[in-house]
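Me: I am new to this structure and would like a close look at one part of it, the packed helices, with a few words on the places around them. Please take it slowly and connect each point to the next.

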Amino acid sequence: MFRDGARKSAWQNEVKWYGTIFNRETEFDAVIVGGGITGISTAHQLQLRGLKCLVLEAHNIGFGTTGGTTAHLNDFFDTTFSYAIDKFGVENARMLAEGGREALRNVESNIVQYGIDCDFQRKTAELFALDDRQAEQLEDIVEGARSIGYGMEYTEAIEYPFEFKKAVSIPDQGQFHPIKYIRALADIFIDNGGALAENCICSSFTETADGVVLQTSLGEIRAKNAVFATHTPPGISLLHFTCAPYRSYVIAFTLKDGALPETLGYDLGEPYHYYRVHEIDGKKMIIAGGEDHKTGHSDDTGACFSRLENHCREYFQIDRIEYAWSSQYFEPADGLPSIGVLPASEGRVYVATGFRGNGMTFGTLSAKIIAELITDGASRFEKLFDPKRFKPTAGFANLIKENATVVKDMVGDKIGMDRVRSLADIGAGEARVVRLEGHSYAVFAEKSGKLHVVKSTCPHANCEVRWNNAELSWDCPCHGSRFDVNGGLLNGPSTSGLEPIGDE
């Protein structure tokens, strides 16, 4: 398995295993936990500033969200500039826009400077409203963008086959192959003396007077600074209540008529859909995403793929669906990422999370911000994205709403499981959480009838996991930890798997 799901992503063939390139005697200036775009970019940025860095990855680089992204590069965001103006003020909205532009410039600069072959292209984006409600929403988006000098222009035509009420054109966006990009950065990092350890789980950390001590599956590691590029760090922190895990679904398909759009496309539905074109193994195909929902909150995740496919078949002449996969991202309570010093840290532990659907952009921007904070002690973006900013102000109602959902998830399933008393009604290919003799178990039956049984309580915060039939995984609805059928850890914040009871 090269990514955190049973379904193969379009980027998976480009995964490279590095193993362990790591000298235990080295005194590290920074340890970066997480080998996605955020972690690899941060390691590269810190190395450019003269720091000795180690990247720890629990599986292989690109295993998580970076391996499951649709790889749009935008400097406009799911959090609109009109919303940012209303909640944070005009100057902060301008700062948000500048952060996006800075990230895209950084990606393009790396590609040009190092000659990275990652299918990078600058693209025009098309944002379109399909009904009157969406048209009003689009007008508000455009008004907010124009008030900070961000270019969005109304257009009479789009390249996607939708009947629309209104649409805008947004120049100078981008797309790329995410695994080719981070693999090239990782190669550069290693060639210049950087250290990398795959299959290494960081289970906990302690901040000391002069650094950070990390407990890992390779033993104790010490560094002057630690960066958690894993969405959320080990343990329970404020971030677990200010960011909520969501899943998004993707299909990639070829067309019968070959009429492929050249632009990036986005509607304003709920949930919204997004589109682009990429050539993979000589085949040009549309990559379409959508049908998002909170992790663990869909009774049939396979139906999400079906709805996405049916939506696309309504508008496109689909020839063949080449790939179908899903991925996880985190929604912040107030609409902005948390990038900077970890809450409760004395200033040596950093975090980057809450990117919404803009992970490639914010992951790149996070690397710049954290590198500046560690080496310069300040960044012009630090206040806007400060992880310690959450108080009973902007977004607090959403924070409470998400928190209330988490509390319900922590206790609700334990009551409901009493209704399920036997393994006998689990059919081939099905999975259930069952309660027997006062204990709860997660049970998956292969089509052959073989049973995989693990304890159903997530080790992170004692929530009960739920079955994801699309990716064949047990997903925690509280904070997004995910596990395979044998209990193996796929996604944190848990640092250990579900306890296996055995196979039958």
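Reply: Some of the names below are those of strands and helices, and a strand here is a DSSP run of type E with at least two residues, while a helix is a run of type H or I with at least four, both numbered from the N terminus. The model is a predicted one, and everything that follows should be read in that light.

A single strand residue shows how these names are used. Glu279 belongs to strand β14, and with a relative accessibility of 43% it counts as partly exposed, since that class lies between the limits of under 20% for buried and over 50% for exposed. Leaving aside residues up to four places away in sequence, Glu279 touches Asp119 and Lys284. Of these partners, Asp119 is 160 residues away from Glu279 along the chain, yet 8.6 Å separates the two C-alpha atoms.

Now to the helices, beginning with α5, which runs through residues 178–191 and has 14 residues. From its first C-alpha to its last it reaches 20 Å, close to the 20 Å expected at 1.5 Å a residue. Helix α5 is mostly covered, with 11 of its 14 residues buried, and among these buried residues are Ile179, Tyr181, Ile182, Leu185, Ile188 and Phe189, together with Lys180. The cover over the buried residues of α5 includes helices α1 (37–48), α3 (90–114) and α8 (359–376), and also strands β1 (20–21), β3 (53–56) and β8 (195–197). Just after the end of α5, Gly193 takes a positive phi of about 95 degrees.

One of the elements in that cover, α3, can be followed in more detail. Two packed helices are described by the angle between their axes and the distance between the axes. For α3 and α5 the angle is about 60 degrees and the axes are 11 Å apart; the two helices are therefore oblique to each other, and their crossing is left-handed. On the α3 side the residues that meet α5 are Val107, Asn110, Ile111 and Tyr114, and their counterparts in α5 are Tyr181, Leu185 and Ile188. Sorted by kind, the residues of this contact are six nonpolar, one polar and no charged. Tyr181, Leu185 and Ile188 also appear among the buried residues of α5.

Two further elements of the cover over α5, namely α1 and α8, also pack against one another. Their axes come within 8 Å and cross at roughly 35 degrees, and α1 passes α8 in a right-handed crossing. Helix α1 contributes Ile37, Thr38, Ser41, Thr42, Gln45 and Leu46, while the residues they meet in α8 include Gly359, Met360, Gly363, Ser366, Ala367, Ile370 and Ile374. The residues of this contact of α1 with α8 divide into seven nonpolar, nine polar and one charged.

Helix α8 itself has 18 residues and spans 25 Å between its first and last C-alpha atoms, close to the 26 Å expected at 1.5 Å a residue. Of those 18 residues, 16 are buried, so α8 is largely enclosed by the rest of the structure. Ser366 offers a view of this from a single position: it lies in α8, it has 0% relative accessibility and counts as buried, and, not counting residues up to four places away in sequence, it touches Thr38, Ile339, Ala352 and Phe355. Thr38 is also one of the α1 residues in the contact with α8. Just after α8, Gly377 takes a positive phi of about 85 degrees.

A positive phi is also found at residues other than glycine. Asp172, in strand β7 (residues 166–175), has one of about 65 degrees, and His231 has one of about 80 degrees. His231 sits in the loop between β11 (219–228) and α6 (239–242), where, at 24% relative accessibility, it counts as partly exposed.

Finally, two peptide bonds that lead into prolines deserve a look. The bond joining Glu270 and Pro271 is cis, with omega about -5 degrees, and Pro271 is placed in the loop between β13 (264–267) and β14 (274–280), the latter being the strand that holds Glu279. The bond from Gly492 to Pro493 is cis too, with omega near 20 degrees, and Pro493 lies in the loop between β25 (489–491) and β26 (500–503).

Note on methods
Residues are numbered from 1 along each chain as its sequence is written. This is a predicted model: local features need pLDDT of at least 70, side-chain atom pairs count only at pLDDT 80 or more; totals for chains, interfaces and linings use all residues. Side-chain values use heavy atoms; hydrogens and water are left out. Buried means under 20% relative accessible area, exposed over 50%, partly exposed in between (1.4 Å probe, protein chains only). The expected span of a helix is 1.5 Å times one less than its number of residues. Contact means heavy atoms within 4.5 Å. Axes are lines fitted to C-alpha atoms, for helices over the stretch in contact, and angles run from 0 to 180 degrees between N-to-C directions. Angles under 35 degrees count as roughly parallel, over 145 as roughly antiparallel, 65 to 115 as roughly perpendicular and the rest as oblique. A crossing is left-handed if the near helix is turned anticlockwise from the far one by less than a right angle, and right-handed if clockwise. Ala, Val, Leu, Ile, Met, Phe, Trp, Tyr, Cys and Pro count as nonpolar, Asp, Glu, Lys and Arg as charged, and the others, Gly among them, as polar.
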